[in-house]
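Welcome! Take a moment to look over the sequence and the 3D view, and then we can walk through a few spots together.

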Amino acid sequence: MSIRVAAVADIHLDPAQRGSYRAHLDGIEERADVLLVGGDLTRHGTLDEGKIVAEEFQGLPVPVVFVLGNHDYHSDAEQEIIAVLRESGGIVLDDSAETLLDGRLGVAGGKGFGGGFAGKSASEFGEPETKAFVRHTREIADRWRVALKSLDTEYRVVLSHYSPVKETLAGEPPEIFPFLGSYLLAEAVDAEGADLIIHGHAHAGTEKGMTPGGIRVRNVALPVLRRAYATYCLDSEEC
Amino acid sequence: MDTPHYVAARVQQAIAEDGRTNELGIRVDVRGDQLFLRGQVSGEDQLHLLTDVAREAAPGLTVHNEVTCVEVRDPGEEEHL
């Protein structure tokens, strides 16, 4: 049986926009079975902004799964933001996995991180700062493998903020690709298998791409979509 | 007078790091005494704050704010995967 996944990222809510996004979510239960929100929920990563995000998505008739983005880390309040989102009924992935829809859908993921893409990426070599940067992504990718392995569901979707592939960055300056994603994320998902990878972060990028292993990737950053959310139906034979 | 290249870099950095804006995807170009901002933001307030931050970071230049607001439309059609 098919599953319809709604997805958006980079909504960047602040007090001036309270209530503005919620209006677009009316009737979502007729379009989708689940809503995935791929990070950069806030502008400055403050707890107050986190509370606005929690209010905006609270009480929806479909489950809502979040990951945080780099903006949500800016004020060192990421754990508090995660807590308010969970208190409001949201599911927050932090390099973890959740099973939804009576065991039919597994969602794994987290923020992700950068480093660049195969052949043109940073290495765990040299100064401690460089090594720490690359190690952060490597450790995230390792945790995603574990998270994906834990899922025994009909469909598996990965939710990230940073991109696993270059294709969905098309439109961004190539010089900043290493700050927009890493091939290590795609490599991990290709090894474990998934039906779809959702990400955001690249506002000037492109919606559609694919991993080297053939898994569909969708950049759902709001400025890329220019619509409230995208909807993807898994299992085209029944869609 | 500062080299335009470095002025543009300074303004871009200010727009990314200033708490009023924190916008990472704004392109900044300087031509003579004219400064151009391009990109997209989510709201009108953000649009005006970009001009303020750019003016403060590059006093003496005329700021042309060509940034647009993202218009959020209805969800539209679903894609079958």
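In which loop of chain A does Asp40(A) lie? Asp40(A) sits in the loop that runs between strand E2 (34-38) and helix H2 (47-57). Please keep in mind that this is a predicted model.

Asp40(A) is buried but forms no salt bridge. The nearest side chain of opposite charge belongs to Arg43(A), 8.6 Å away. The side chain of Asp40(A) does reach the backbone nitrogen of Asn70(A), at 3.2 Å. Setting aside neighbours within four places in sequence, Asp40(A) is in contact with several residues, including Asp10(A), His12(A), Asp72(A), His161(A) and His201(A).

The loop leads us on to helix H2(A). Its buried residues are Glu49(A), Gly50(A), Ile52(A), Val53(A), Ala54(A), Glu56(A) and Phe57(A). These buried residues pack against E2, strand E3 (64-67) and helix H3 (78-87) of chain A. Just after H2(A) comes Gly59(A), with a positive phi of about 75°.

Most residues other than glycine have a negative phi. Here are two that take a positive value instead:

| Residue | Phi | Loop in chain A | Relative accessibility |
|---|---|---|---|
| Asp76(A) | near 55° | between E3 and H3 | 64% |
| Leu101(A) | near 50° | between strand E5 (96-100) and strand E6 (105-110) | 24% |

Is Asp76(A) buried or exposed? Asp76(A) counts as exposed because its relative accessibility is 64%, and the cut-off for exposed is over 50%. Leu101(A), with a relative accessible area of 24%, is partly exposed.

Methods:
Residues are numbered from 1 along each chain as its sequence is written. Chains are lettered from A and ligands numbered from 1 in the order in which they are written. This is a predicted model: local features need pLDDT of at least 70, side-chain atom pairs count only at pLDDT 80 or more; totals for chains, interfaces and linings use all residues. Side-chain values use heavy atoms; hydrogens and water are left out. Helices (H or I, at least four residues) and strands (E, at least two) are DSSP runs, numbered from the N terminus. Buried means under 20% relative accessible area, exposed over 50%, partly exposed in between (1.4 Å probe, protein chains only). Lys and Arg count as positive and Asp and Glu as negative; His and the chain ends are not counted. A salt bridge is a side-chain nitrogen of Lys or Arg within 4 Å of a carboxyl oxygen of Asp or Glu. A polar contact is a pair of N or O atoms within 3.5 Å; within protein, one must be able to donate a hydrogen and the other to accept it, and residues adjacent in sequence count only if both atoms are side-chain atoms. Contact means heavy atoms within 4.5 Å.
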